[in-house]
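Good morning, colleagues. I would ask you to look at the chain on the screen, and I shall then go through its fold, its interior and a few individual residues.

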Amino acid sequence: MMRGYFGIGIEGASKPLNVGTLFRSAHAFGASFAFTVDADFEDETSNATDTSKASEQMPYYHFPDLDNMMLPTGCSLIGVELTPDAIELPSFKHPSRAAYVFGPERGDLSPETQEHCDFILKIPMKFCINVAIAANIVMYDRLITLGRFAPRPIRAGAPIEEKPVPFHGRQLFRTIKDKKKANPETFRRAPPPDYSVVDGALVENDDDD
């Protein structure tokens with residue numbers, strides 16, 4: 001179980017079957033929502049590959065353009081694109097609240113969208129791959145870095161350590177007696193003495209003429 005949430009989106013999509021596969025994978029990985037930006041395809045056609053009917057299981061938003069795109073407060077927009085200055089995925093720290101946006105099947109994320117992103121990350125590989133496969137890699141990386149799993153063993157094979165058990169502090173109840181004890185006066189300190197006064201008379205400064 002992971003804290004936070006994430007969404008998966010695509011800009012300029014034109015192939016509904018790829019979009020259906022993308023949203024099906026997002027649903028499988030536990031995405032909170034899916035979205036498209038400036039997409040041009042028929043939703044009915046994407047259902048051929050979206051066998052889990054993801055649009056019926058999680059919110060789906062179609063934004064006509066970037067100016068009309070809206071994300072939850074505090075949600076970071078993360079673009080996935082092969083650019084020279086992008087952060088490599090294995091070195092990227094996923095925000096707890098994030099929306100990942102991918103470029104179209106035969107193109108890149110628009111410069112406007114890249115400028116709008118909080119981060120740009122890339123999967124270190126020689127060339128681009130199918131958008132749905134790229135999304136699967138990103139979501140899997142998020143899962144293994146933010147999820148709670150048993151540590152990998154040094155040798156090949158299954159883990160030899162159990163998954164850490166979550167620890168929750170006990171619930172504290174404040175009673176009337178406790179409130180009475182919380183007297184702010186007990187935390188007040190007496191002010192430091194004024195050493196410029198000796199026997200009720202001000203001590204003259206040696207530097208004064």
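Before I count elements, one definition: helices, H or I with at least four residues, and strands, E with at least two, are DSSP runs numbered from the N terminus. On that basis, the protein chain has 6 helices and 9 strands. Please keep in mind that this is a predicted model.

Let me give the overall figures. The protein chain has 209 residues, and 32% of them are buried. Its accessible surface is about 15000 Å², with carbon and sulfur atoms contributing 53% of that area. Among contacts in the protein chain with a separation of 6 or more, 76% are between residues 24 or more positions apart.

I turn to the interior. The largest nonpolar core contains 28 residues, and I8, L22, Y100, F102, L121 and V138 have the most contacts inside it. Two or more residues of this core come from each of β1 (5-11), α1 (16-28), β4 (76-80), β6 (97-102) and α5 (131-146). Helix α5 supplies the largest share, 6 residues. There is also a second, separate core, of 14 residues, which includes F35, L77, V101 and C117.

Which residues does I8 contact, once its neighbours within four places in sequence are set aside? They are L22, F23, A26, F33, A34, F35, Y100, F102 and M139. I would note that L22, Y100 and F102 in that list are also named among the residues with the most contacts inside the largest core.

Next, helix α1, where two residues deserve attention. S25 is placed in this helix. S25 is classed as buried because its relative accessible area is 13%, and the cut-off for burial is under 20%. Beyond residues up to four places away in sequence, S25 touches N136 and M139. H27 is likewise found in helix α1, but with a relative accessible area of 28% it is partly exposed. The C-alpha atoms of H27 and I8 are 9.4 Å apart, with their positions 19 residues apart along the chain.

H27 leads us to M58. M58 is found in the loop between α3 (54-57) and β3 (60-63). Is this loop residue M58 buried or exposed? M58 is buried, with a relative accessible area of 6%. Leaving aside neighbours within four places in sequence, its contacts are F23, A26, H27, A31, S32, F33 and A34. Of these, S32 is 26 residues away from M58 in sequence and 6.3 Å away, C-alpha to C-alpha.

Two further loop residues may be taken together. S110 lies between β6 and α4 (111-116), and this residue is buried, at 18% relative accessible area. The side chain of S110 makes a polar contact of 2.9 Å with that of T113. D38, in the loop between β2 (33-37) and α2 (43-46), has a positive phi of about 55° although it is not a glycine. D38 counts as partly exposed, at 47% relative accessibility.

Finally, the surface. L82, M125, F127, I129 and I133 form a nonpolar patch there, and their accessible area together is about 430 Å². Where in the chain does L82 have its place? L82 is in the loop between β4 and β5, and its relative accessible area of 35% makes it partly exposed. With neighbours within four places in sequence left aside, L82 is in contact with K122, I123, M125, F127 and C128. L82 and K122 are 40 residues apart along the chain, while their C-alpha atoms are separated by 5.3 Å.

Another member of the patch, I129, lies in the loop between β7 (119-122) and α5. I129 is partly exposed, with a relative accessible area of 33%.

The loop between β4 and β5 (87-88) also holds D85. D85 counts as exposed because its relative accessibility is 68%, and exposed means over 50%. The C-alpha atoms of D85 and K122 are separated by 9.1 Å, and the two residues are 37 apart along the chain.

To close, I would leave you with two places to inspect: the core of 28 residues to which α5 gives the largest share, and the surface patch that includes L82 and I129. Thank you; I am glad to take questions.

Conventions
Residues are numbered from 1 along each chain as its sequence is written. This is a predicted model: local features need pLDDT of at least 70, side-chain atom pairs count only at pLDDT 80 or more; totals for chains, interfaces and linings use all residues. Side-chain values use heavy atoms; hydrogens and water are left out. A nonpolar core is a set of buried Ala, Val, Leu, Ile, Met, Phe, Trp, Tyr and Cys residues joined through side-chain atoms within 4.5 Å. Buried means under 20% relative accessible area, exposed over 50%, partly exposed in between (1.4 Å probe, protein chains only). Contact means heavy atoms within 4.5 Å. Accessible areas come from the Shrake-Rupley method with a 1.4 Å probe; for residues, only the protein chains shown count as cover. Patches are made of residues with over 30% relative accessible area and no salt bridge: like charges are joined within 9 Å, nonpolar side chains (Val, Leu, Ile, Met, Phe, Trp, Tyr) within 5 Å. A salt bridge is a side-chain nitrogen of Lys or Arg within 4 Å of a carboxyl oxygen of Asp or Glu. A polar contact is a pair of N or O atoms within 3.5 Å; within protein, one must be able to donate a hydrogen and the other to accept it, and residues adjacent in sequence count only if both atoms are side-chain atoms.
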